[in-house]
Amino acid sequence: MKNASVRTTYLKEYRPPPFTIETTNLHFDLYEDHASVVSKLLFKCSGDSDVTSLQLHGQLLKLEKVLINGQLLNPDQYSRDDENLTIPALDGLLGASFKEFLFECHTRIEPQNNTALEGLYKSKKMFCTQCEAEGFRRITYYLDRPDVMSVFTTTVAAEKAKYPVLLSNGNNIASGDVDGAPGRHWVTWEDPFKKPSYLFALVAGDLLSLDDTFVTCSDREIELRIFVEEKDIDKCNHAMLSLKNSMRWDEEVYGREYDLDIFMIVAVDDFNMGAMENKGLNVFNTSCVLASPQTTTDFSFQRVEAVVAHEYFHNWSGNRVTCRDWFQLSLKEGFTVYRDSEFSADMGSRTVKRVEDVSFLQTVQFAEDGGPMAHSVRPDSYMEISNFYTVTIYEKGAEVVRMIALLLGPEKFRAGSDLYFERHDGQAVTTEDFVKAMEDASGIDLGQFRNWYYQAGTPVVSIQSEFDADTKRYTLHVSQSCPDTPGQSNKKPLTVPLRLGLLGSDGKDLPLRLLADDASTSKTDRVLSVTQEEQQFVFEGLESEPIPSLLRGFSAPVRLKYDYSRAELLFLMVNDSDGFNRWNASQLLTIGLIDELQSDLAAGRDLALPQSLVDAYAGVLDSTLSDPSVDKAMIAQLLSLPTIGFLIERSEVADVDSIHLVREFLLNGLAAKFYSLFLDVYTNNTSDAEYAADAVSIARRSLKNLALSYLMRSDEDEAVTLAQQQFVLASNMTDQLSGLRCLVNSGAATAVDLKRDALASFYKQWSHEPLVVDQWFVVQAVCQLPGSLAQVKQLLEHTDFDIRNPNKVRSLIGAFCGQNHIGFHDASGEGYEFLADQVLVLDTLNPQIASRLLTPLTRWRKFSAKRQGLMQSQLRRIKAQEELSKDLFEIVEKSTI
Ligand code: TRP
Ligand code: ZN
């Protein structure tokens, strides 16, 4: 793509399609050097608009012939460019008042050379597809837009020995051997549900399946099949269990039953994202399906559960009700992320899940919203839609749905989702239709609330409190504002649901009686609707000044400003009835202390370990050692300092070195202070019970391994030995990898040989497991010791590194640039140059991955002038290249100044 020719697509240009495609009949013949595709489409004119031409999407296709109503077209009856096939005079071919016609085309593609992993491609020996968002047009000519929904019938033919399994969407309706082609066979699949082309899928390979069944609420038996390579067949049980749990949950919580008689998942090695919800045939990145105790960490077990649920939930929120156009992407993604996060909360610890989600949002989404790529949940323009599969569309979109659920309450929210699914089943709709269904079912006006969909940027909510002992009134002065973002200024006020409580001096929640309430109100936790730029809420009947617990459960995705004293934060950490806010208080306390220490450092003062942090840690450690029933995952969260990524995001100008130094100072100080308590925590939480991936066991391991990481900071030989022993003796990947990570990050002299040997033996043990080798790359890429960039460069040459495999790229280059802040932001700028080099190589192979990988360089605004200059110059170097993909061009165009 010549950079100058990249076009912007605008929402305001949306027009309904001139045609519908009633039926889509596809025939694939798969060979090693090409695939031929025959497509027969029954077009109908939609409405009474008199269209006279036909324009279809198509990219990188070799066209063999086109027929209309069985009549072969001459090349002068159509024209083609890089993106379209156009038949200018349909009326000439069909007569003036045609209503429908049959379009047939024969094309050829080269899946074996498709490194972009869009359309039909090969992952190792397997054929597979990825069509969302606009990949179908790389398979055949089509109206490749989500508001064109068709019934698909697909025949796949291939060599029987190499590709015994041939799959597509829906039901297998016929199969046989190919006449006249010995050794080849075919299968025909029919999907009775109308769907847009982005949900089409095809798989051909030598696969085994784990099979099970699920009986739905109306007593239908569904066949469940997870297809993987033979070597992975023992790693499918967790995904299968997650699938069945998801199916039950969607029936119970949303009243949604599965519709087809079969549900299939296929695992592939080379995949641009986590997974894809193709109707009845989900395609998954192996990293999001496979799980076994020996090869998979607890984190990945939970990710498998969440992604299986996410894709399954799309069957209703995405497939049965789909998007009218790609500006509506959050309609399916925001809602589905909300649904999967609630599912995970129900499967494990609700508070911990909320803490994890909010930390992620505050670190990654807030950064996006404050950077050059900021966009609203419902954007109004894009150059390349693949660039809009973002944390804003997904995670902020989920927060917006969460706020609707909070404002409506559980019953009305369920009535709203019922109405939405019923009203729009089989349709392609907009976020506006979603909000309207919520309004209609609940009677609650969401007029101003809609601004959440249209305005980018993270709103700031500032609160000041005032207590009047005479009147016993407590007033909260609330103000809101939202910063300008690219192309958007002067933002309107939003409806911000502010959930809160007020604590008395005994730590108990007080009744919250607003001036306007009737006297009997005794609620101690309520949701205030903040709707104006400046607003006051006056609470009555308070004997003494309360301590406010604000934005409980993170009830809105905003930056909250309230000036808590250190004593108040310590009080909230212990007493708040809202678990999320207990955690948040601990974060606010540490952030304040880190800020202060950064000032000390800048002023050349000696650093001292703050007593309030010592007190807080002592309290938390005591609670876990004295009461084994407390949630250990929560304890692990409370004993973790905010990440460097989070601290960078909330800085005005982030001084990475100072953040890192202060954070290390605190961690080392706490480790030394509490060595023996951490040792107790470690010992108490060591277990030789058989591995289980339940929430309690995962929590126990997370606390134990956190304790180990503190112990390691002591440089005691005892600690190094513990890590080494855990590494060698571990019966599961969580413990083994923690042991390895501890050794690799250890600065102790005694660890030098141990870490080299551990890395070598780990690789030797697991070189046959690609997903474990990925983890081996990650551990080295995120190592906090000096020299990590050199190490990463060396690992690029490793036989197992493959730049064509997205998981490998993410594990090595992505992890270094995105998570190893101290390495990536090295003052020399070498980290930036390295990323630009890699992105340029990748752009010629896989533009989606190249543009995603570039993200850390687009965050330049957060850093000092010197670093900004270094980052900008790498962005400009990329922009100066003659030919960039649309994907990469959009990002560099928008993030250079
Ligand atoms: N719809 C998928 C999901 O969120 C996202 C997805 C999978 C995707 N593969 C993709 C998006 C490739 C863009 C390109 O579940
Ligand atoms: Zn999704």
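**Entry 1: the zinc site.** I began with the sequence and found that the donor residues of the zinc ion (ligand 2) are spaced H-x3-H-x18-E, where donors are N, O and S atoms within 2.8 Å of the metal (3.2 Å for Na, K and Ca), and water is not among the atoms, so sites may look incomplete. I noted that His310 lies in helix H3 (residues 298-313) and Glu333 in helix H4 (residues 329-347), so this pair ties together parts that are 23 residues apart in sequence; helices are DSSP runs of H or I with at least four residues, strands are runs of E with at least two, and both are numbered from the N terminus.

I wrote down that this is a predicted model, in which local features need pLDDT of at least 70 and side-chain atom pairs count only at pLDDT 80 or more, while totals for chains, interfaces and linings use all residues. Residues are numbered from 1 along each chain as its sequence is written, chains are lettered from A and ligands numbered from 1 in the order in which they are written, and side-chain values use heavy atoms, with hydrogens and water left out.

Looking at the atoms, I saw that the zinc ion (ligand 2) is coordinated by His310 (NE2), His314 (NE2) and, listed twice, Glu333 (OE), at 1.9 to 2.7 Å. I also looked up burial, and both His310 and Glu333 are buried, meaning under 20% relative accessible area, with exposed over 50% and partly exposed in between (1.4 Å probe, protein chains only).

**Entry 2: ligand 1.** I then turned to the other ligand, and noted polar contacts, which are pairs of N or O atoms within 3.5 Å; within protein, one must be able to donate a hydrogen and the other to accept it, and residues adjacent in sequence count only if both atoms are side-chain atoms. A polar side-chain atom of His310 lies 3.4 Å from an oxygen atom of ligand 1, and a side-chain N or O atom of Glu333 is 3.1 Å from a nitrogen atom of ligand 1. For Tyr394, I found a side-chain N or O atom 2.5 Å from an oxygen atom of ligand 1.

**Entry 3: two residues elsewhere.** I placed Ser864 in the loop between helix H26 (847-853) and helix H27 (865-879), and it counts as partly exposed because its relative accessibility is 27%. Asn84, by contrast, is found in strand S8 (residues 84-87), and counts as buried because its relative accessibility is 15%. I also recorded that a polar atom of the Asn84 side chain lies 3.3 Å from the backbone oxygen of Leu56.
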